[in-house]
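Let's take a walk through this structure together, one piece at a time. Keep the 3D view open and follow along.

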Amino acid sequence: MLIDNFQEYVRRNGLFTKQDKILLTVSGGVDSMVLMSLCINSGYHVAVAHCNFCLRGAESDEDEILVQETARKYGIVCHNRRFDTVGEMERTGESMEMAARRLRYAWFAELCREHGYTVTAIAHHIDDSIETFFINMLRGTGLRGLTGISNQAGRIVRPLMFATRKEILDYALHKHIPFREDSSNRSTKYLRNKIRLGLIPRIREINPRFPFIMNRNIDRLTAAQNFIDCAIDRIYDDAVTESSGVFTLHVDRIEPAASRDFVIYEILNSRYGFKGDTVDGLCKALDAGGSGKRFYSRSHVAYVDRSDIAVARIDDDDPCEIAVGEGQQRAYCGNSALYFELCDADDIPSFDLPEHIALLDASKVVWPLTLRRWRDGDAFTPFGMNGRKKVSDYLIDRKVSMAEKRRQFVLVSGDRIAWLVGQRIDDDFRITPDTDKVIRITKEII
């Protein structure tokens, strides 16, 4: 019985107790509605939080009504908030998934502070973890990305990580638990749905026990990552020294030497947030003796110092100057990532695009591009204008805050600014009827 397995899983993993005040995040879908039923019928002290992201019109409103009415039936508190998700995407340049995730987790944390909730429970399950495994594998990842979704991260707990989607659905139908189906779950527009609806059913045809086997594999990978984390902690203590805020990774202290690049990645990724392709570039520079070349994560800068790697926090005066080579697909600047794609002009939509996407005529671009912070004296010709304008004046006209100005980047082609990142391209790089190839650049917050 699902409820018995639920209670045992919560107890065995120490996720919460009868003394906790639990905030349940409930969307109205089958997973979260079943989680609400299981918690209440197990005697836990709970309240509900529902996010209406206002993305599906009447569907979103009907989800909200179902959650409120069900919470009222159970006699529990229901917190509800509506978000202007589209407006937030336009403001920050984030994808829909990133914006919605940031908004909801910030609100959950706010509710916990205001009302004293000790735990936030989310209804992820085995199938979600398997889908995350494939998403990360397809995008490229280290071992950590193959460990799926953990059942606990701080005060965030996932008490359904023992159950499959089918088990949850069967329980809901047997117990007559009301729920709503998100129509976007049937769309193959999203990678997760392509995996859920296309890849995994084909694998199940080969082996119906695939979810349970895959869950066991993920458990083993997680155990392996935990073992690696302990080993990396020991290497870190021996190989990294600190002086005046600069951390030096003494590469010759890494043993065995054959694992050098792997250890460098694990240290730089887990401690300082560097991505895999950035670490790959740094290791190549290390082999080539490229002292002084700088590499960036969201919060830190790393550079080769003779045979060592030095890491420091990025300060507001750091120029963060990065070369972007032809064919490179990704570059990082501050708290953002830029994704580059070469497209045929015929594939570009004719309607206006948001400011976090730039379209440049590929024939006018000089490689390599340079991604850096803007400087005093920088000027460009904003798209649609005839005269040149100083970047400083443009940012003032747009009422950009001082904090945002310090984080503003430019993308430079040759000696000209091609894009004031997230703001406006230079008119000289615009697409025309004669354009054949287009460089599409998308800025996303990371």
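Start with strand β10, residues 300-305, which is joined to β11 by 6 bridges, with the two strands running antiparallel. To pin that down in the view, look for Val304: its bridge partner in β11 is Ile309. Keep in mind as you look around that this is a predicted model.

Now hold on to Ile309, which turns up again in another pairing. Strand β11 covers residues 308-313, and 3 bridges tie β8 to it, again antiparallel. Here Ile309 of β11 is the bridge partner of Leu249. So what does Ile309 do for a reader tracing the sheet? Ile309 pairs with Val304 and also with Leu249, making it a handy place to step from one strand to another.

From Leu249 you can take another step. Strand β7 (residues 240-243) and strand β8 (residues 246-249) are joined by 4 bridges and run antiparallel. The partner of Val240 in that pairing is Leu249 in β8. These two strands make a hairpin with 2 residues between them, and in the turn Ser244 has a positive phi of about 55 degrees.

Put those steps together and a bigger picture appears: an open sheet of 5 strands in the order β7-β8-β11-β10-β9, with antiparallel pairing. Which strands stand at the edges? They are β7 and β9 (294-296), and because each has a single partner strand, one side of each is left without a neighbour in the sheet. From one strand to the next, the twist averages 25 degrees. As a rule of thumb while you look, side chains in a regular strand alternate between the two faces of the sheet.

Some of the residues you've just met also surround an empty space. The count comes to 1 cavity of 30 Å³ or more, and the volume of the largest cavity is about 30 Å³. Among the residues lining it are Val240, Leu249 and Val311, along with Tyr236 and Phe247. Both β8 and α10 (260-272) supply at least two residues of this lining. What is the lining like by class? It has 8 nonpolar residues, 1 polar residue and no charged ones.

There's another sheet to find further along. This one is open too, with 4 strands in the order β13-β14-β22-β15 and antiparallel pairing. At its edges stand β13 (330-333) and β15 (357-361); each has a single partner strand, so one side of each lacks a neighbour in the sheet. The twist here averages 25 degrees from one strand to the next. Strand β15 is held to strand β22 (residues 437-445) by 5 antiparallel bridges, and in that pairing Asp361 has Val438 of β22 as its bridge partner.

Next, the cysteines. A disulfide is a covalent bond between the sulfur atoms of two cysteines. How many disulfides does the structure hold? The number is 0. For Cys39, the closest cysteine sulfur is in Cys112, and at 14 Å that is too far for a bond. For Cys112, the closest is in Cys51, and 12 Å is likewise too far. Cys39 counts as buried because its relative accessibility is 0%, and Cys112 counts as buried at 15%.

Finish at helix α9, residues 210-239, where you'll find Asn215. Is Asn215 buried or exposed? Its relative accessibility is 18%, so Asn215 counts as buried. Asn215 and Gln7 sit 208 residues apart in sequence, and their C-alpha atoms are 19 Å apart in space.

Key
Residues are numbered from 1 along each chain as its sequence is written. This is a predicted model: local features need pLDDT of at least 70, side-chain atom pairs count only at pLDDT 80 or more; totals for chains, interfaces and linings use all residues. Side-chain values use heavy atoms; hydrogens and water are left out. A disulfide is a pair of cysteine sulfur atoms within 2.5 Å. Buried means under 20% relative accessible area, exposed over 50%, partly exposed in between (1.4 Å probe, protein chains only). Two strands pair if DSSP finds at least two bridges between them. On a 1 Å grid over the protein atoms alone, a cavity is a set of points where a 1.4 Å probe fits but cannot get out, and a pocket is an open set with protein on both sides within 12 Å along at least five of seven lines; lining residues have an atom within 4 Å of a point. Grid points are joined across faces, edges and corners, and a volume is the space filled by probe spheres set on the points. Ala, Val, Leu, Ile, Met, Phe, Trp, Tyr, Cys and Pro count as nonpolar, Asp, Glu, Lys and Arg as charged, and the others, Gly among them, as polar. Axes are lines fitted to C-alpha atoms, for helices over the stretch in contact, and angles run from 0 to 180 degrees between N-to-C directions.
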